[in-house]
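Trainee: Could you take me slowly through one part of this protein, looking closely at how two of its helices meet, and then place that part within the whole chain?

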Amino acid sequence: MVKPQIEGSWLQILNLEFEKPYFADLKQFLIEERKNHQVFPPGNQIFSAFNYTPFTDVKVVILGQDPYHGPGQANGLCFSVRDGVRMPPSLVNIFKELQSDLGCAVPQSGNLEKWAKQGVFLLNATLTVRANTAGSHQSKGWETFTDAVIKTLSDHKENLVFLLWGNYAKAKAELIDHQKHCVLTAAHPSPLARGAFFGSRHFSKTNEFLRSKNIGPIEWCL
């Protein structure tokens, strides 16, 4: 089976996952889906989270659910959008909390590549979506893959910070060894959570933990 175009350290540690029957089924589903529908993100950006943040470099994991399903939004990094694209409400709230927590000015762009390049692994549980149809690629195999990714990170790394926002992400906590890693949970940044995300201070708490382990902090301000 042809392996995905994915950064070398990830390919090495996930190699067996790509050989499993569910992944072949997922690949076939995506081939058929693309014949009849527009799919986001573009094929060369499906694994952007992995390609921007090698396994060897991961310090922090932020878990999203689905890619954005509007035209030109998704770029393969959870909560992130391409340069020049209007920020979705959840991302606006993330930047509001960042401003409150660390005094960062709200950036012009919602592109989070700068975080990814510093070791912030921006993983969606489902890596693709049909245009304008939220949740359309759930339960097709992606969750099996990304659960394996989370468990692999937990098993093979130490002193990671996992940021789990919202009930969907919080449910992934059972995949993580809490003795080895820092797990921070909060409400989802979506406006539907009625502001419950605000005051979580996860950005400063992440850096406090990293410093306590003699790991370089993240420069969150964009």
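**Two helices in contact**

Mentor: In this predicted model, helix α4, which covers residues 89-102, packs with helix α8, which covers residues 202-212, at an angle of about 60°, and their axes lie 8 Å apart. An angle of 60° is neither under 35 degrees nor within the range of 65 to 115 that counts as roughly perpendicular, and α4 and α8 are therefore oblique to each other. On the side of α4 the contact is made by I94, E97, L98, D101 and L102, while α8 contributes H202, F203 and S204. Sorted by class, this contact between α4 and α8 holds four nonpolar, two polar and two charged residues.

Turning to the whole, the protein has eight helices and six strands, and from the N terminus on these elements follow the order α-α-β-α-β-α-α-β-β-α-β-α-β-α. The radius of gyration of the protein is 17 Å, close to the 17 Å that the globule rule gives for 222 residues, so the protein is as compact as a globular protein of that length. Taken along the principal axes, the box filled by the C-alpha atoms is roughly 45 × 35 × 25 Å. Of the 222 residues, 52% are buried, and among the contacts with a separation of 6 or more, 66% are between residues 24 or more positions apart.

One residue illustrates such a long separation: K157, in the loop between α6 and β5, has its C-alpha atom 8.7 Å from that of T56, although the two are 101 residues apart along the chain. K157 is buried, because its relative accessible area is 12%, and the residues that K157 touches include F55, T56, D57 and V58 as well as K180 and H181.

Key. Residues numbered from 1 in each chain as written. Predicted model: local features only at pLDDT ≥ 70, side-chain atom pairs only at ≥ 80, totals over all residues. Heavy atoms only, no water. Axes fitted to C-alpha atoms, helices over the stretch in contact; angles between N-to-C directions. Helix = DSSP H or I, 4+ residues; strand = E, 2+ residues; numbered from the N terminus. Parallel < 35°, antiparallel > 145°, perpendicular 65-115°, else oblique. Contact = heavy atoms within 4.5 Å. Nonpolar A, V, L, I, M, F, W, Y, C, P; charged D, E, K, R; others polar. Buried < 20%, exposed > 50% of the residue type's maximum accessible area, 1.4 Å probe, protein only. Rg over C-alpha atoms; globule rule 2.2 N^0.38 Å. Lists of a residue's contacts leave out its neighbours within four places in sequence.
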